[in-house]
Amino acid sequence: KTTVNDAMLGLDSEEKAVYIAIKAEMLSYQRVANMMNTTRRNIQTILERAERKIKRNIERGSQYELNL
(Lines give C-alpha, C1' and ligand atoms only; values in the text may rest on other atoms or scores of the structure.)
Protein backbone atom coordinates (compact mmCIF):
# COMPACT_ATOMS: atom_id res chain seq x y z
CA LYS A 1 0.00 0.00 0.00
CA THR A 2 1.07 3.55 -0.68
CA THR A 3 1.51 5.44 2.58
CA VAL A 4 1.26 9.18 3.13
CA ASN A 5 5.05 9.33 3.36
CA ASP A 6 5.37 7.42 0.09
CA ALA A 7 2.92 9.77 -1.58
CA MET A 8 4.89 12.81 -0.41
CA LEU A 9 8.24 11.53 -1.69
CA GLY A 10 9.75 13.95 -4.15
CA LEU A 11 8.14 17.04 -2.66
CA ASP A 12 10.64 19.72 -1.78
CA SER A 13 10.53 21.31 1.67
CA GLU A 14 8.47 24.27 0.46
CA GLU A 15 5.87 22.02 -1.20
CA LYS A 16 5.62 19.86 1.93
CA ALA A 17 5.23 22.89 4.18
CA VAL A 18 2.49 24.40 2.02
CA TYR A 19 0.65 21.09 1.58
CA ILE A 20 0.67 20.35 5.32
CA ALA A 21 -0.28 23.91 6.29
CA ILE A 22 -3.28 23.99 3.97
CA LYS A 23 -4.47 20.38 3.94
CA ALA A 24 -3.61 19.18 7.45
CA GLU A 25 -3.56 22.37 9.51
CA MET A 26 -6.37 23.89 7.43
CA LEU A 27 -4.78 27.32 7.25
CA SER A 28 -5.96 29.75 4.58
CA TYR A 29 -3.93 30.43 1.46
CA GLN A 30 -3.51 34.03 2.60
CA ARG A 31 -2.29 33.06 6.07
CA VAL A 32 0.27 30.65 4.60
CA ALA A 33 1.35 33.33 2.13
CA ASN A 34 1.86 35.79 4.98
CA MET A 35 3.82 33.23 6.99
CA MET A 36 6.05 32.43 4.02
CA ASN A 37 6.38 36.04 2.88
CA THR A 38 4.96 35.42 -0.57
CA THR A 39 1.73 35.87 -2.51
CA ARG A 40 -1.50 33.93 -2.24
CA ARG A 41 -1.16 33.01 -5.92
CA ASN A 42 2.32 31.59 -5.34
CA ILE A 43 0.99 29.43 -2.50
CA GLN A 44 -1.76 28.18 -4.80
CA THR A 45 0.82 27.32 -7.48
CA ILE A 46 3.03 25.49 -4.96
CA LEU A 47 0.04 23.53 -3.64
CA GLU A 48 -1.06 22.56 -7.16
CA ARG A 49 2.47 21.34 -7.93
CA ALA A 50 2.55 19.33 -4.69
CA GLU A 51 -0.85 17.78 -5.43
CA ARG A 52 0.28 16.73 -8.92
CA LYS A 53 3.38 15.06 -7.47
CA ILE A 54 1.35 13.30 -4.77
CA LYS A 55 -1.19 12.06 -7.31
CA ARG A 56 1.62 10.77 -9.53
CA ASN A 57 3.25 8.97 -6.59
CA ILE A 58 -0.05 7.35 -5.59
CA GLU A 59 -0.66 6.19 -9.17
CA ARG A 60 2.87 4.81 -9.41
CA GLY A 61 2.44 3.05 -6.08
CA SER A 62 -0.79 1.45 -7.27
CA GLN A 63 0.88 0.31 -10.47
CA TYR A 64 3.73 -1.17 -8.47
CA GLU A 65 1.31 -3.04 -6.21
CA LEU A 66 -0.45 -4.52 -9.25
CA ASN A 67 2.86 -5.80 -10.57
CA LEU A 68 3.74 -7.73 -7.40
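Colleague: Which residues make up the largest nonpolar core here?
Modeller: Nine residues form that core: Val 18, Ala 21, Ile 22, Leu 27, Val 32, Ala 33, Ile 43, Ile 46 and Leu 47. Keep in mind that this is a predicted model.

Colleague: OK, and which elements give two or more residues to this core?
Modeller: Helix H2 (13–24), helix H3 (29–35) and H4 do.

Colleague: Let's pick one of those residues. What is Ile 22 in contact with, leaving aside its neighbours within four places in sequence?
Modeller: Ile 22 is in contact with Leu 27, Tyr 29, Val 32, Ile 43 and Leu 47. Leu 27, Val 32, Ile 43 and Leu 47 are also on the list for the largest core.

Colleague: What does a second, separate core include?
Modeller: That one has five residues, among them Ala 7, Met 8, Leu 11 and Ile 54. As background, nonpolar side chains tend to be buried together in soluble globular proteins.

Colleague: Let's zoom out. How many helices and strands does the protein chain have?
Modeller: There are four helices and zero strands. Going along the sequence, you read the pattern α-α-α-α.

Colleague: And how much of the chain is buried?
Modeller: Buried residues are 26% of the 68 residues in the protein chain. As for the accessible surface, the total is about 5,000 Å², and carbon and sulfur atoms hold 51% of that.

Colleague: What share of the contacts with a separation of 6 or more comes from residues 24 or more positions apart?
Modeller: Those residues account for 60% of such contacts in the protein chain.

Colleague: New topic: Lys 53. Where is it, and is it buried or exposed?
Modeller: Lys 53 sits in helix H4, which covers residues 40–66. It counts as buried because its relative accessible area is 18%, and the cut-off for buried is under 20%.

Colleague: So what does the side chain of Lys 53 make a polar contact with?
Modeller: The partner is the side chain of Glu 15, at 2.9 Å. If you skip the neighbours within four places in sequence, Lys 53 is in contact with Ala 7, Gly 10, Leu 11 and Glu 15. Ala 7 and Leu 11 turn up in the second core too.

Colleague: How many aromatic pairs are there in the whole structure?
Modeller: Zero. There is a ring to look at, though: the charged end of Arg 40 sits over the ring of Tyr 29, 4.9 Å from the ring's centre.

Colleague: How far is the C-alpha atom of Arg 40 from that of Gln 30?
Modeller: The two C-alpha atoms are 5.2 Å apart, with the residues ten apart along the chain. Gln 30 belongs to helix H3.

Colleague: Why does Gln 30 count as partly exposed?
Modeller: Because its relative accessibility is 39%, and partly exposed runs between the 20% and 50% cut-offs.

Colleague: Now the loops. What is the phi of Met 26?
Modeller: Met 26 has a positive phi of about 60°, although it is not a glycine. Most residues other than glycine have a negative phi. You'll find Met 26 in the loop between H2 and H3, where it counts as exposed because its relative accessibility is 69%.

Colleague: And where is Asn 37, and what is its phi?
Modeller: Asn 37 is in the loop between H3 and H4. Its phi is positive, about 55°, and Asn 37 is not a glycine either.

Colleague: Is Asn 37 buried or exposed?
Modeller: Exposed, because its relative accessible area is 73% and exposed means over 50%.

Notes. Residues are numbered from 1 along each chain as its sequence is written. This is a predicted model: local features need pLDDT of at least 70, side-chain atom pairs count only at pLDDT 80 or more; totals for chains, interfaces and linings use all residues. Side-chain values use heavy atoms; hydrogens and water are left out. Buried means under 20% relative accessible area, exposed over 50%, partly exposed in between (1.4 Å probe, protein chains only). A polar contact is a pair of N or O atoms within 3.5 Å; within protein, one must be able to donate a hydrogen and the other to accept it, and residues adjacent in sequence count only if both atoms are side-chain atoms. Contact means heavy atoms within 4.5 Å. Rings of Phe, Tyr and Trp (its six-membered ring) pair if their centres lie within 6.5 Å; planes under 30 degrees apart count as stacked, over 60 as edge-to-face and the rest as tilted. A charge sits over a ring if NZ of Lys or CZ of Arg is within 6 Å of the ring centre and within 35 degrees of the ring normal. A nonpolar core is a set of buried Ala, Val, Leu, Ile, Met, Phe, Trp, Tyr and Cys residues joined through side-chain atoms within 4.5 Å. Accessible areas come from the Shrake-Rupley method with a 1.4 Å probe; for residues, only the protein chains shown count as cover.
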